[in-house]
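Q: Please take a close look at one part of this structure, the surface near the DNA strands. Then explain how that part fits with the rest.

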Protein chains: 2
Amino acid sequence: MSDRQGAASRDEPPRRATIRDVADTAEVSRSTASRALTGRGYVAPAVRDRVRRAARELGYVPDAMARHLRQQASNAIGVVVSDLRNDFYASLAAGVSQQARKRRYTMLLSDDGGSTVFEVEAAEAFVAMRVAGVITTPVSARLSDYLARHRIPVVEVDRRFAAGSCDAIVVDNEGAARAVTAQLLELGHRRIALVIDETHWTTGRDRSAGYRAAFEDAGVAVEKSLVVTAGWNTDDAYREAQRLLQLADPPTAIFAANNVLSEGVWRAAADLGIRIPRDLSLISFDDAPWMSMVRPGITAIAQDAVAMGEAALTQLLARIEAPQAPIRTVMFTPTVVHRGSTGPPAKR
Amino acid sequence: MSDRQGAASRDEPPRRATIRDVADTAEVSRSTASRALTGRGYVAPAVRDRVRRAARELGYVPDAMARHLRQQASNAIGVVVSDLRNDFYASLAAGVSQQARKRRYTMLLSDDGGSTVFEVEAAEAFVAMRVAGVITTPVSARLSDYLARHRIPVVEVDRRFAAGSCDAIVVDNEGAARAVTAQLLELGHRRIALVIDETHWTTGRDRSAGYRAAFEDAGVAVEKSLVVTAGWNTDDAYREAQRLLQLADPPTAIFAANNVLSEGVWRAAADLGIRIPRDLSLISFDDAPWMSMVRPGITAIAQDAVAMGEAALTQLLARIEAPQAPIRTVMFTPTVVHRGSTGPPAKR
DNA sequence: GGGTCGAATGGGATCGATCCCATACCGCCA
DNA sequence: TGGCGGTATGGGATCGATCCCATTCGACCC
């Protein structure tokens with residue numbers, strides 16, 4: 001009877017259609033309309049079609065908020081990465097997104113810029129949104145602690161902070177680092193620098209462990225001054241590399257522990273006019289587009305970040321379905337892409 | 001009285017705390033608890049503190065679903081991009097994410113892979129989630145049509161499909177393309193190829209218009225066979241560039257209309273042993289990390305995608321606050337980064 | 001014909017937070 | 001003393017969808 005729309009009703013409905021509107025249009029109760037649309041429970045075929053037609057005509061889109069409130073479950077998942085501008089994280093997010101679309105989940109994404117504060121803020125927003133689960137490249141244990149307290153499943157990717165208490169998708173950091181370091185040693189290198197972000201996270205720890213293990217295997221002592229922690233940005237890596245390369249007795253090879261560091265090292269070498277691989281061999285953990293474009297190409301340990309993102313979502317949904325299943329860690333084996341940035345050390 | 005938790009209550013509460021739990025703990029009504037927590041309405045200071053303490057002790061996180069259902073408004077915004085693995089889109093998303101965090105909005109992100117079908121699917125999910133607004137790099141007009149019907153504000157970024165009916169953040173495609181094409185003409189180039197994805201979208205149309213305008217300004221005729229549409233991936237661009245460069249009378253310069261195409265063109269030239277800039281001048285629309293790493297560096301039109309993302313969010317929130325304000329298009333002026341991939345054409 | 005079963009439908013409670021409204025109390029002024 | 005305005009609090013309705021439960025109807029069997 002009464003038009004509660006206010007503002008003299010135009011052609012278009014100022015209010016979005018609810019299931020009640022659909023029910024009224026189809027001349028059934030809300031209950032019946034709900035059954036017709038969700039497919040749960042008895043509905044006469046003719047009625048079902050009538051309801052669906054009404055819904056289509058009204059442009060009805062069920063309110064996910066209301067549905068989830070009632071069902072106490074949502075189809076949204078949260079993702080927190082450290083830096084979307086880094087190809088690794090972007091690809092990871094792309095993998096999650098693809099898979100989420102297939103499984104009809106919605107992705108909430110937050111870029112925490114590597115900050116613990118923002119990481120926790122993101123987690124709070126996710127809890128408020130009642131996400132079904134969270135995928136993260138953690139920067140501390142706080143996120144998984146917090147989410148665990150709220151009973152929200154978490155999958156850690158790339159590195160682990162909550163080892164043993166949540167699922168994880170990682171790569172064989174130690175094995176890959178060991179393999180490439182061994183290759184450098186075999187080529188005759190002895191002064192092999194390791195440029196790494198830091199060694200407290202599992203990634204850094206394992207990559208550095210692999211590096212050391214290779215030396216041990218070869219019976220060669222690690223030169224401690226050649227292991228440098230260079231932080232998280234290209235500029236810092238650039239400076240550290242410049243310092244290293246200008247030592248009286250510079251390294252003949254550098255193993256850079258991620259794509260950002262590799263870029264810094266490469267730029268430093270280029271600016272100093274150091275020729276690769278004649279004067280310096282370079283191997284990178286993480287592949288990146290530029291590594292196949294510069295001459296010579298850079299030999300790299302390639303991680304399939306998209307596949308890791310897909311695996312993370314798959315594991316998260318498995319966990320949601322079976323909360324009590326044993327904790328699972330999926331380990332990817334990265335592949336080494338040889339491109340010609342390595343060779344025997346220069347003779348002196 | 002009765003413990004409705006089922007499963008013999010352990011130490012930890014199996015159910016998450018609601019405002020009712022907070023109210024009971026603080027011995028006030030839900031209404032008062034709500035006022036104390038949101039800060040709207042009268043509450044005695046002592047009571048407010050008691051309620052807040054109770055909330056903290058219980059680890060209470062308000063249910064965003066319930067809140068938004070009641071308030072009929074949400075603090076989530078949707079973002080649809082074409083390809084997260086492309087640095088441009090990833091940076092755009094990073095900019096939106098940063099700004100969203102500052103404004104306390106949550107970001108729903110979907111990667112549609114350039115598909116209209118997935119674009120519309122994403123829009124449906126966003127409508128279901130009752131997002132406050134959507135930012136998109138559209139691949140058709142369907143998304144903004146659909147969202148307009150549901151009264152959800154949209155900001156188009158990079159290209160426009162709903163010109164005039166929604167806000168947009170773009171760059172001066174025509175001006176920049178015209179400027180660099182003019183530079184090539186001034187250097188003496190006459191056979192300047194334009195490798196472009198397609199020319200129906202505003203980006204392609206304007207970039208190609210700028211290219212043509214520069215020719216017109218110089219009184220030089222465009223050689224139609226040198227304008228090639230090369231689709232959206234590196235491989236296709238690679239093939240097209242190979243074909244171009246192997247013509248009897250090949251172009252002496254190429255203007256590649258985005259970073260993906262530039263990569264394809266560069267690889268093709270490299271594989272054919274064509275020297276830049278001696279044999280070929282190359283200019284790219286879009287900057288990318290590799291362009292400053294290869295030798296010589298590639299002269300590029302740099303768009304600040306992060307800033308565009310931030311601007312998009314800012315504009316979207318402005319629109320949400322003032323739905324009736326006049327439509328606004330923000331145009332960024334990209335900068336040309338000269339790096340040495342251009343020079344005068346080789347003499348024959 | 002009474003009873004049982006399955007199909008089909010509607011009524012009303014529910015999820016959690018908000019917010020309008022009613023109520024109550026206090027101090028103050030006429 | 002009555003009335004008023006400001007402060008403070010609680011009760012109950014509300015948002016939209018779901019789902020439990022009750023009801024009805026027809027078919028079928030004993």
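**The surface near the DNA**

A: In this predicted model, DNA strand D is surrounded by 29 residues, and the closest of them are Thr18(A), Ile19(A), Ala66(A), Ser29(B) and Thr32(B). Both chains therefore appear in that list, and the elements that give two or more residues to this surface are helix H1 (19-26), H2 and H4 of chain A, along with H2 and H4 of chain B. Sorted by class, the surface near DNA strand D has 11 nonpolar, 10 polar and eight charged residues.

Now turn to the other strand. Around DNA strand C there are 29 residues, of which Ser29(A), Thr32(A), Thr18(B), Ile19(B) and Ala66(B) come nearest. Two or more residues each are given to this surface by helix H2 (30-38) and helix H4 (64-71) of chain A, and by helix H1 (19-26), helix H2 (30-38) and helix H4 (64-71) of chain B. The residues here divide into 11 nonpolar, 10 polar and eight charged.

The two chains can be compared directly. A turn of 180° with a shift of 0.0 Å along the axis lays chain B on chain A, with an RMSD of 0.0 Å. The two copies are thus related as by a two-fold rotation axis.

One helix of the DNA surface, H1 of chain B, shows how such an element is held in its chain. Its buried residues are Ile19(B), Val22(B), Ala23(B) and Ala26(B). Seen down the axis of H1(B), these buried residues fall within an arc of 100°, so they line one face of the helix. An α-helix has 3.6 residues a turn, so residues three or four places apart point the same way. Among what covers the buried residues of H1(B) are H2 and helix H3 (45-58) of chain B. Ile19(B) has two roles in this description: Ile19(B) is one of the residues nearest to DNA strand C, and Ile19(B) is also one of the buried residues of H1(B). After H1(B) comes Glu27(B), which has a positive phi, near 55°.

The other helix to follow is H4 of chain B. H4(B) gives residues to the surface near DNA strand C and to that near DNA strand D. H4(B) also gives two or more residues to the side of chain B that touches chain A, as do helix H5 (87-102), strand S2 (106-111), helix H6 (116-128) and helix H11 (259-271) of chain B. In total, 40 residues of chain B are in contact with 40 residues of chain A. H5(B) supplies the largest share of this side of chain B, with seven residues. By class, the side of chain B that touches chain A has 23 nonpolar, eight polar and nine charged residues. The copies meet through the same surface, because 100% of the interface residues of chain B are also interface residues in chain A.

Two loops follow elements named above. In chain A, Arg104(A) sits in the loop between helix H5 (87-102) and strand S2 (106-111). Phi of Arg104(A) is near 60°, which is positive in a residue other than glycine, and Arg104(A) is exposed, with 9 other C-beta atoms within 10 Å. In chain B, Arg130(B) sits in the loop between H6 and strand S3 (133-136). Arg130(B) is not a glycine either, yet has a positive phi of about 55°. Arg130(B) counts as buried, with 21 C-beta neighbours inside 10 Å.

Conventions:
Residues numbered from 1 in each chain as written. Chains lettered and ligands numbered in written order. Predicted model: local features only at pLDDT ≥ 70, side-chain atom pairs only at ≥ 80, totals over all residues. Near = placed C-beta within 6 Å. Helix = DSSP H or I, 4+ residues; strand = E, 2+ residues; numbered from the N terminus. Nonpolar A, V, L, I, M, F, W, Y, C, P; charged D, E, K, R; others polar. Contact = placed C-beta atoms within 7 Å. Buried ≥ 20, exposed ≤ 12 C-beta atoms within 10 Å, placed from the backbone. Arc of directions from axis to C-beta. Least-squares fit on C-alpha atoms with pLDDT ≥ 70 in both.
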